[in-house]
Amino acid sequence: MIKYERIQLSALLARLRETPRRLIVVTGPRQTGKTTLVRQALGQIKLPSQYLPVDRPDPTTLPLVPDTTGDITGFVSRPRIPSDRSRDTEWLVRQWDTARENARNSGVGFVLALDEIQKIAGWSETVKGLWDEDRLNDLPLHVILLSSAPLLMQQGMTESLAGRFETVRLTHWSFTEMAEAFGFDLEHYIYFGGYPGGASYVGEQDRWRSYIVEALIEPNIEKDILAMQRVDKPALFKQLFQLSAEYSGQILSYNKMIGQLQDAGNTTTLARYLELLERAGLIVGLQKYSAKPHLRKSSIPKLNVLNTALMTAEAEYGFREAMADRSYWGRLVESAVGAHLFNTGISRCRLHYWREKEYEVDFVLSRGPKVIAFEVKSGVHRPRVRGLGRFAEQFDVRQSVLVSDEGDISLSEFLSKPADEWFD
């Protein structure tokens, strides 16, 4: 992969230049560049540092651990056999103590980066104790935590580290990033999505599909969700993912989902599984917009992939076939718009849809009391957008936006503008 610097790098560097105040947690979906971001920061910051991959190998393997010389690029093989929780914890404490010693001796501080921290059982309680002790001693030690399992990281941070961390959040790559880093045009971004690791395979679609399925979808589901969360019906969970990806851009009731799934159980189960998919950065079930929050939670979900590669990787359409089918391409475009709004507005904005009888608004973006309505059209003729007008009659709308080459903003320009900027 080329050395492209994402905008979050500046935020991470800024935190490392400050006096250590809180743990730095780098979060985001699998394969969005978390490890690359941290390595770039360690290479640029004027502090000695140590990047430490926290592996859980078989007893016969030897993981890589940093050399005690302090060289951030020097790693040597040493045996660590994590046969139980106590040995894992002892290993973590030893590495932390070494970093403490380096911080004291350096004169300028030290940075310890722990990748895949969730693989150590009970990691959050151990980190809490070590970090609190460092703060009592005013130790100039920065600690960065990374994980490819966002659900488990969220759980550990919420349970043990509340008030002790701040996040640097990575999302799926935007159109602008994929264009600048890999030369994607709009059509390739719509179809192939925002996974940088798959960019080199777009000319070989079979290889690209294999990469997306085997390196992204399957590990996300098997390792990040099913292995870490209680899911009573794994087969149903996988079916729900496939159904949600196939129906991305469409409003689909839980009852209709049950009708298409085997051993579907009840709507509560499906709602929980859909929430897990959202928290893993895969698919979101958008709620219908209402001025009354309790009505939003009980609404029929509108499904939307958070990266269009999840929609196309297992579809029957190739790139050219997808472009030729205007109905399918329209759903791809709408899904790309929804993913962009959700991914770029995740920290401050809320995303919904709206429908009333024959009237519909594709996306409703809100930040506090401010509301913006979006309609997406991918055809060549200016479409009828009665839904925007109807919605504006019922709600206090700051702006109504038609995303279309013949509308208020072109698709390429829209995908280059973060969600927050609509409120500026």
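**View 1. A five-stranded open sheet with parallel pairing.** In this predicted model, the strands of the sheet come in the order 2-5-6-1-7. Strand 2 (49-53) and strand 7 (165-169) are the edge strands, each pairing on one side only. On average, neighbouring strands are turned by 20° against each other, direction ignored. Strands here are DSSP runs of E with at least two residues, helices are runs of H or I with at least four, and both are numbered from the N terminus; two strands pair if DSSP finds at least two bridges between them. As a friendly reminder, strands of a sheet pair through backbone hydrogen bonds, either parallel or antiparallel. Residues are numbered from 1 along each chain as its sequence is written, local features need pLDDT of at least 70, side-chain atom pairs count only at pLDDT 80 or more, and totals for chains, interfaces and linings use all residues. Side-chain values use heavy atoms, with hydrogens and water left out.

**View 2. Strand 1 beside strand 7.** Take a look at strand 1 (residues 23-27), which pairs with strand 7 in the parallel sense over five bridges. Val25 has Thr167 of strand 7 as its bridge partner.

**View 3. Helices packed on the sheet.** Helix 2 (residues 34-44) touches strand 1, strand 2, strand 5 (110-115), strand 6 (141-146) and strand 7, where contact means heavy atoms within 4.5 Å. The direction of helix 2 makes about 160° with that of strand 2. Helix 4 (residues 123-136) lies across strand 1 and strand 6, at about 165° to strand 6. These angles run from 0 to 180 degrees between N-to-C directions, with axes fitted to C-alpha atoms, for helices over the stretch in contact.

**View 4. The buried face of helix 4.** Trp123, Ser124, Thr126, Val127, Leu130, Trp131 and Asp134 are buried in helix 4; buried means under 20% relative accessible area, exposed over 50%, and partly exposed in between (1.4 Å probe, protein chains only). Seen down the axis of helix 4, the buried residues fall within an arc of 155°, so they line one face of the helix. That arc is taken from the directions from the helix axis to the C-beta atoms.

**View 5. Two loop residues with positive phi.** Most residues other than glycine have a negative phi. Asp138, in the loop between helix 4 and strand 6, has a phi near 50° and is exposed, with a relative accessible area of 65%. Lys357 lies in the loop between strand 10 (350-356) and strand 11 (359-367). The phi of Lys357 is about 55°, and this residue is exposed at 77% relative accessible area.
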